[in-house]
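Here's a quick briefing to read alongside the structure. Have the viewer open and click through as you go.

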Amino acid sequence: MELEERLLKLEEHLLENNHIRIDTKNPVHNATVRWVYQGEKEDSEIDVAVKVFQIPVERGDQRDHYMADVRREIKIYENISRKQNPHIVPCLGGLVLEKLDFAYIVMNWMPESLQQRLQTGNLTVEESIEYTIQILEGLAFIHGQTNGPGIYVHGDPKPSNIYIDDGLIKLGDFGHSRIVLPIGESSHGRFIGEIQTRADQRYEPPWDTKRAEAKPPLAYLPRVESDIWRTAEVFVEMLGIMKGREPNWQRVPEIYRSDLESLKKDLLGADEPEQMMPNAEFQSRLRYIKNIPTVIDATETVNGIVSSPADAWLSPEQIRQLYSQRDQVGSLIGAEHAKTQGLTAMIDERRSADTALLTSKLQYWQGEPKEATTDIATIDGTLAQITEAMEVNKAWQH
Ligand SMILES: Nc1ncnc2c1ncn2[C@@H]1O[C@H](COP(=O)(O)OP(=O)(O)OP(=O)(O)O)[C@@H](O)[C@H]1O
Ligand SMILES: [Mg+2]
């Protein structure tokens, strides 16, 4: 059967069995042996994407291998999307049509890929940080899915496989995904399981490049750490700081720069998978950086309250505010990755000013002198005492 005729039969099949209408003359993506179409689902409101695979017609090894690859992609994608994680492109199902020499996967239509967004040049540093956190959340979900003793890896995180739907990141394209069996401790990166074909080289971790350059080249081992490396490359691309090989940090606002610079260094400094930063640490550093503006705001609020005159009336409301602001600042600055030294110093300085001032306020209320201290527990105790003194004072006034 000619290709054209088979494509018409595929259109009919999709309409009859899935109530999906596609026009095979107009793919949105054409990779010679695979096409992606935008389709309408007649029995519902949603638009779908249909990824169609052309199976080699001639019987033999090539056909068998291709079919095994497609079956794996469908199975892995169906398994991963079953739990409906918000960061996975929903999959409506897939099928191999041996007689037509086609296979297909139906998914929800995604309005925009990260690649398209990058091309618009319209991506702020805040969005880049937020989207990277969400990519990592999606990957953590995938890596947390088990299949017998195995776990899943994505294998090919890159902008054309990542979508943005209503502010939410969704991961797609499970063509390089594998189920891997960690032997012993997975952090030692020893895997048995299926090998991988080479994924996009622009995002390739150095350990895979080394395997490719070995003579004879070695097989690629799918790894959780490689997914994280590729995400780190995507993150750097989003920040727009790699122009050719010259990093351009000018685009990054000053308040984030030193933290982002050291994060990039710590991520892309890994030569071996064992050195790769774990997903959770990557996420917590990003969340810390994302919070920097909040830290600055909180610091300024504390400064404002603290620099009121020593003998001024401090309302219980102000004290409560001071309390919660300090907790906020304290927990943010106390985070493991406090690298904003300027800020930390500023807050430390305010803390001692704070203590001195509060102590004198306390003296005002208690009528007895106390030593100033920078110990947080003492400040908190002091605040509690002031609050108590306030309550007593209020009760007394009535
Ligand atoms: N669910 C979808 N919604 C909208 N567009 C999609 C969807 N799935 C795929 N596409 C479009 O088709 C392109 C290719 O899809 P996909 O990445 O799944 O196939 P692929 O052939 O494995 O791609 P590649 O080999 O280039 O990574 C995507 O980059 C995107 O532009
Ligand atoms: Mg792709």
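**Starting point: Asn85**

Asn85 touches Gly138 and Phe141, leaving aside residues up to four places away in sequence. Keep in mind that this is a predicted model. From that loop residue, the tour moves on to a small sheet, then a hairpin, then the ligand.

**More on Asn85**

- You'll find Asn85 in the loop that connects helix H2 (61–81) with strand S5 (91–97).
- Is Asn85 buried or exposed? It's in between: Asn85 counts as partly exposed because it has 18 other C-beta atoms within 10 Å, and buried would take 20 or more.
- Lys170 sits 85 residues away from Asn85 along the chain, yet their C-alpha atoms are separated by 9.0 Å.

**The sheet S7-S10-S11**

- This one is an open sheet of 3 strands in the order S7-S10-S11, and the pairing is antiparallel.
- Strand S7 (112–113) and strand S11 (168–171) are the edges; each has a single partner strand, so each has one side left without a neighbour in the sheet.
- S7 pairs with strand S10 (residues 162–165) in the antiparallel sense over 2 bridges.
- To check the register between S7 and S10, look for Ser113 opposite Tyr163 and for Glu112 with Ile164 as its bridge partner.
- On the other side, S10 and S11 pair over 4 bridges, again in the antiparallel sense.
- Here Ile164 turns up once more, standing opposite Ile169 in S11.
- S10 and S11 make a hairpin with 2 residues between the strands, and Asp166 in that hairpin takes a positive phi near 55°.
- Helix H4 (residues 125–144) lies across S10 and S11, and runs at about 40° to S11.

**The hairpin S3/S4 and its neighbour S6**

- S3 and S4 form a hairpin, this time with 5 residues between them.
- The two strands run antiparallel and are joined by 7 bridges.
- One pair to look for is Glu40, which stands opposite Asp47 in S4.
- S4 also pairs with strand S6 (residues 102–108), in the antiparallel sense and over 7 bridges.
- For that pairing, Val48 has Asn108 in S6 as its bridge partner.
- How many residues of S4 are buried? The count is 6 of the 8, so S4 is largely enclosed by the rest of the structure.

**Around ligand 1**

- There are 17 residues around ligand 1, and the ones that come nearest are His29, Val36, Ala49, Met110 and Asp173.
- Strand S3 (34–41) and strand S4 (47–54) are both involved here, each supplying at least two residues of the shell.
- By residue class, the shell around ligand 1 splits into 8 nonpolar, 6 polar and 3 charged.
- Why does ligand 1 lie between the domains? Domain 1 (3–108) and domain 2 (112–290) both give residues to its shell, so that's where it ends up.

**The whole protein**

- In total, the secondary structure comes to 12 helices and 15 strands.
- The protein has 398 residues, and 34% of them count as buried.
- Among contacts with a separation of 6 or more, 61% are between residues 24 or more positions apart.

Conventions:
Residues are numbered from 1 along each chain as its sequence is written. Chains are lettered from A and ligands numbered from 1 in the order in which they are written. This is a predicted model: local features need pLDDT of at least 70, side-chain atom pairs count only at pLDDT 80 or more; totals for chains, interfaces and linings use all residues. A residue is near a molecule or strand if its C-beta atom, placed from the backbone, lies within 6 Å of it. Ala, Val, Leu, Ile, Met, Phe, Trp, Tyr, Cys and Pro count as nonpolar, Asp, Glu, Lys and Arg as charged, and the others, Gly among them, as polar. Domain bounds come from an automatic or database domain assignment. Two strands pair if DSSP finds at least two bridges between them. Two residues are in contact if their C-beta atoms, placed from the backbone, lie within 7 Å. Axes are lines fitted to C-alpha atoms, for helices over the stretch in contact, and angles run from 0 to 180 degrees between N-to-C directions. A residue is buried if 20 or more other C-beta atoms lie within 10 Å of its own, exposed if 12 or fewer, and partly exposed in between; C-beta atoms are placed from the backbone.
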